[in-house]
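Student: I have a model open and would like to go through it with you. Where shall we begin?
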Amino acid sequence: PILVIPGPQGYLVIDGHQRIAALQQLRRDTVEALVLDTMSEAEALLLVHSLRSRGEPETALEQGWLLAEMEHKHGYTIEDLARRFDRSATWIARRLALVDTLPEAVQQQVREGRIAAQIAMRYLAPMARLSVEHCHRMAGIFAQQHWTTRQAALLYNAWRNAKTKQTRERILTEPELFLKASQQQRPPTQATLEG
């Protein structure tokens, strides 16, 4: 059954939206529901999250959507959420940034698996706060090249630390050249042989 709570104009679906969509495609107009009538919406959302965490793991975006709902609609602070989810405030803030800061087109690339959520949280979300246009461009680079987290960090840090707009523009225009040059500048690791 789907999970619902009583609302001002009927029932509010807490869990089961995909089941409802599937039933509608089958031209069914009824669904079994479990009414959580002793819980607030926030409590019901937290219950569903805890039930899901035992099964298939949620994506970072799904976690971000839940956290954003809890923060914006139900008034939880980042510290409240960190305690409720037994996570650090940084973990909460990064997932919130995925849904609050990233442009929708970049979120779509994360949903499609073209950009790793970790890269989006650590580099694209902070960049979006500074320049949405450059965030889109860097997201395009990461999606096309399938860059590793280390490579993404090199590019983002170079962009962030660039002294001029021209340098930032060049980094985004020629990312492969920048990456090649930065890898050549790294000192080789030295190994000592004992014999």
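Tutor: Let us begin with terms: helices (H or I, at least four residues) and strands (E, at least two) are DSSP runs, numbered from the N terminus. Please keep in mind that this is a predicted model.

Student: How many helices and strands does the protein have?
Tutor: The count is 11 helices and 3 strands. In sequence order the pattern reads β-β-α-β-α-α-α-α-α-α-α-α-α-α.

Student: And what share of the residues counts as buried?
Tutor: Of the 195 residues, 38% count as buried. As for contacts with a separation of 6 or more, 60% of them join residues 24 or more positions apart.

Student: Let us turn to the core. Which residues have the most contacts inside the largest nonpolar core?
Tutor: Those are Ile115, Leu124, Met138 and Phe142, in a core of 55 residues. Helix 7 (residues 117-130) supplies the largest share of this core, with 8 residues. As a general matter, nonpolar side chains in soluble globular proteins tend to be buried together.

Student: What is leucine 124 in contact with, beyond its neighbours within four places in sequence?
Tutor: Leucine 124 contacts Leu102, Val106, Ile115, Ile119, Cys135, Met138, Ala139 and Phe142. Ile115, Met138 and Phe142 thus appear both in that set and among the residues with the most contacts inside the core.

Student: Changing topic: at what angle do helix 3 and helix 5 pack?
Tutor: Helix 3 (residues 60-72) and helix 5 (residues 89-100) pack at about 95 degrees, and their axes are 8 Å apart. Since angles of 65 to 115 degrees count as roughly perpendicular, helix 3 is therefore roughly perpendicular to helix 5.

Student: Which residues make that contact?
Tutor: Helix 3 contributes Ala60, Leu61, Gln63, Gly64, Trp65, Leu67, Ala68, Glu71 and His72, while helix 5 contributes Trp91, Ile92, Arg95, Leu96, Leu98, Val99 and Asp100. By class, the contact has 10 nonpolar, 3 polar and 3 charged residues.

Student: Now the glutamines. Where is glutamine 108, and is it buried, exposed or partly exposed?
Tutor: Glutamine 108 belongs to helix 6 (residues 104-111). The residue counts as partly exposed because its relative accessibility is 32%, between the limits of 20% and 50%.

Student: What does the side chain of glutamine 108 make a polar contact with?
Tutor: Its partner is the side chain of arginine 111, at 2.7 Å. Glutamine 108 can also be placed relative to leucine 61: the two are 47 residues apart along the chain, and their C-alpha atoms are separated by 9.9 Å. Leucine 61 is one of the helix 3 residues in the contact with helix 5.

Student: What about glutamine 109: buried or exposed?
Tutor: Glutamine 109, also in helix 6, has a relative accessibility of 14% and so counts as buried. Leaving out residues up to four places away in sequence, glutamine 109 touches Arg114, Ile115, Ala139 and Ala143. Ile115 and Ala139 are also contacts of leucine 124.

Student: And glutamine 151?
Tutor: Glutamine 151 lies in helix 9 (residues 149-161) and counts as buried because its relative accessibility is 17%. The side chain of glutamine 151 reaches the backbone nitrogen of threonine 148 at 2.9 Å.

Student: Where is glutamine 144, and is it buried or exposed?
Tutor: Glutamine 144 is in helix 8 (residues 132-145); at 61% relative accessibility, the residue counts as exposed. Between glutamine 144 and arginine 114 the C-alpha distance is 7.8 Å, with their positions 30 residues apart in sequence.

Student: On to backbone angles. Which residue has a positive phi of about 60 degrees although it is not a glycine?
Tutor: That is arginine 27, in the loop between helix 1 (17-25) and strand 3 (33-35). Arginine 27 is exposed, with a relative accessible area of 78%. Aspartate 86 has a positive phi too, near 55 degrees. Aspartate 86 sits in the loop between helix 4 (78-85) and helix 5, and is exposed at 68% relative accessible area.

Student: One last residue: what does valine 31 touch, not counting residues up to four places away in sequence?
Tutor: Valine 31 touches Ile2 and Leu23. Valine 31 is in the loop between helix 1 and strand 3 and counts as partly exposed, at 38% relative accessibility. Valine 31 and isoleucine 2 are 29 residues apart in sequence, with their C-alpha atoms 7.5 Å apart.

Definitions and conventions. Residues numbered from 1 in each chain as written. Predicted model: local features only at pLDDT ≥ 70, side-chain atom pairs only at ≥ 80, totals over all residues. Heavy atoms only, no water. Buried < 20%, exposed > 50% of the residue type's maximum accessible area, 1.4 Å probe, protein only. Polar contact = N/O pair within 3.5 Å; in protein donor to acceptor, adjacent residues only side chain to side chain. Core = buried A, V, L, I, M, F, W, Y, C linked by side-chain atoms within 4.5 Å. Contact = heavy atoms within 4.5 Å. Axes fitted to C-alpha atoms, helices over the stretch in contact; angles between N-to-C directions. Parallel < 35°, antiparallel > 145°, perpendicular 65-115°, else oblique. Nonpolar A, V, L, I, M, F, W, Y, C, P; charged D, E, K, R; others polar.
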